[in-house]
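Open the model in your viewer and keep the selection box ready. We will go from stop to stop, picking a few residues each time.

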Amino acid sequence: MNMRNLLVFVAILGHSICAAQGVSIRKIDISGSKIIVFYSLQDPNPGNEYQLRLYSSVDNFMSPLAKVTGNVGDEVKPGNDLKMEWNIVDEFGPYKGRLSVEIRGKVFVPFVKLQGFDVNKKYKRGKPIDIAWKAGATNMINIELFKGSQRVAGESNLQNNGTHTVYVPSSAKPGNDYRLKITDTRTSDVVYSPVFVVTPAIPLLLKVLPVVAIGGAAAALGGGGGGGTTGTSANTTIALPPFPIN
């Protein structure tokens, strides 16, 4: 199936679940190993936010796809020009044949909503991170620190009282892919913070300079001696060429 026929095919299948509120798949493009899903999300209340996930028929729509970027996840706002980009090769390896994709979602009402979290600040190892949020439930919560997909630290069964201090271990590796994961212990609902940066407590340059200075002094001395980072869904089916596409 060439690209032109593919776009016509999914344009026919894309549909809205209801007139007042719903998601509609508009078209699908294939770019290299990525499948790009263009969609619209209608809601008469533009202030609502949605939790949206992309599913596929490869596993019979059992689990949300992981290798998806764009307008996906929590706090997606209504709009007509939204898109998700799914890397099918990263998700399933080389794939050939037909499959269906489906967007599922619901109105997102977080049990906690972080307030004043500075994603541009560089947080230091061994130092505290004070967080605050507007509590939306009375259940106990877990707060964990992750670097990428690796859990670094965390505490369980905390009071959902709106404030907490997270300590970055002094042994944590510097990186720009840290985030906080907050889980409701009863419902298993999850809220993530934006990604932020963790740096060494003492900049590397400051650690190196005294050594350089001492080495320089030694060299000088030696030289002196003569040395030397509300439910809704839409579904469509596409035919895929073998992946990856060169």
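Two strands count as paired if DSSP finds at least two bridges between them. Keep that rule in mind for the sheet below. Note too that this is a predicted model.

**Stop 1: the whole chain**

Show everything as a cartoon. The chain has 246 residues, and 37% of them count as buried. Its secondary structure comes to 3 helices and 17 strands. Now switch on the surface. The accessible surface is about 13,700 Å², and carbon and sulfur atoms account for 53% of that.

**Stop 2: a sheet of three strands**

Select residues 112-114, 128-135 and 163-167. The first range is strand E8 and the second is strand E10. The third range is strand E13. In what order do the strands of this open sheet lie? The order is E8-E10-E13, and the pairing is antiparallel. E8 and E13 are the edge strands, each with a single partner, so one side of each has no neighbour in the sheet. Look along the sheet and follow its twist. From one strand to the next, the twist averages 40°.

Strands of a sheet pair through backbone hydrogen bonds, either parallel or antiparallel. Zoom in on each pairing here. E8 and E10 are joined over 3 bridges. Pick Val 112 and look across to E10: its bridge partner there is Ala 135. Then move to the other pairing. E10 and E13 are joined over 5 bridges. Pick Pro 128, whose bridge partner in E13 is Tyr 167.

**Stop 3: salt bridges**

Side chains of opposite charge can pair when their charged atoms come close. How many salt bridges does the count come to? The count is 9.

Select Lys 77 and Glu 49. They form a salt bridge, with the closest N and O atoms 2.9 Å apart. Lys 77 is in the loop between strand E5 (73-76) and strand E6 (79-87), while Glu 49 is in the loop between strand E2 (34-42) and strand E3 (50-56), so the pair ties together parts 28 residues apart in sequence. Is each partner buried or exposed? Check the relative accessible areas. Lys 77 has 47% and is partly exposed. Glu 49 has 14% and is buried.

Keep Glu 49 and add Lys 113. Their side chains also meet in a salt bridge, at 3.8 Å from N to O. Lys 113 belongs to strand E8 and Glu 49 to the loop between E2 and E3, so this pair ties together parts 64 residues apart in sequence. Lys 113 is partly exposed, at 36% relative accessible area. Now add Glu 75 to the selection. Salt bridges that share partners join Glu 49, Glu 75, Lys 77 and Lys 113 into one network.

Next, select Glu 85 and Lys 83. This salt bridge has its closest N and O atoms 3.5 Å apart. Lys 83 is partly exposed, at 34% relative accessibility.

**Stop 4: aromatic rings**

A pair of aromatic rings is described by the distance of the centres and the angle of the planes. A search of the whole structure finds 5 aromatic pairs. Why does the pair of Phe 117 and Tyr 123 count as stacked? The ring centres are 5.8 Å apart and the planes are at 20°, so the pair is stacked; the cut-off for stacking is under 30 degrees. Phe 117 is buried, at 16% relative accessible area. Tyr 123 is buried as well, at 8%.

Add Tyr 178 and Phe 196 to the view. Together with Phe 117 and Tyr 123, they form one aromatic cluster.

**Stop 5: charges over rings**

Select Lys 27 and Phe 38. The charged end of Lys 27 sits over the ring of Phe 38, 4.9 Å from the ring centre. Then select Arg 179 and Tyr 192. Arg 179 lies over the face of Tyr 192, at 3.8 Å from the ring centre.

**Last stop: Ser 193**

Where is Ser 193? Look in the loop between strand E15 (190-192) and strand E16 (196-199). Ser 193 is buried, with a relative accessible area of 6%. Finish with a distance from Ser 193 to Tyr 178. The two are 15 residues apart in sequence, and their C-alpha atoms are 9.0 Å apart in space.

Notes:
Residues are numbered from 1 along each chain as its sequence is written. This is a predicted model: local features need pLDDT of at least 70, side-chain atom pairs count only at pLDDT 80 or more; totals for chains, interfaces and linings use all residues. Side-chain values use heavy atoms; hydrogens and water are left out. Rings of Phe, Tyr and Trp (its six-membered ring) pair if their centres lie within 6.5 Å; planes under 30 degrees apart count as stacked, over 60 as edge-to-face and the rest as tilted. Buried means under 20% relative accessible area, exposed over 50%, partly exposed in between (1.4 Å probe, protein chains only). A charge sits over a ring if NZ of Lys or CZ of Arg is within 6 Å of the ring centre and within 35 degrees of the ring normal. Helices (H or I, at least four residues) and strands (E, at least two) are DSSP runs, numbered from the N terminus. Accessible areas come from the Shrake-Rupley method with a 1.4 Å probe; for residues, only the protein chains shown count as cover. Axes are lines fitted to C-alpha atoms, for helices over the stretch in contact, and angles run from 0 to 180 degrees between N-to-C directions. A salt bridge is a side-chain nitrogen of Lys or Arg within 4 Å of a carboxyl oxygen of Asp or Glu.
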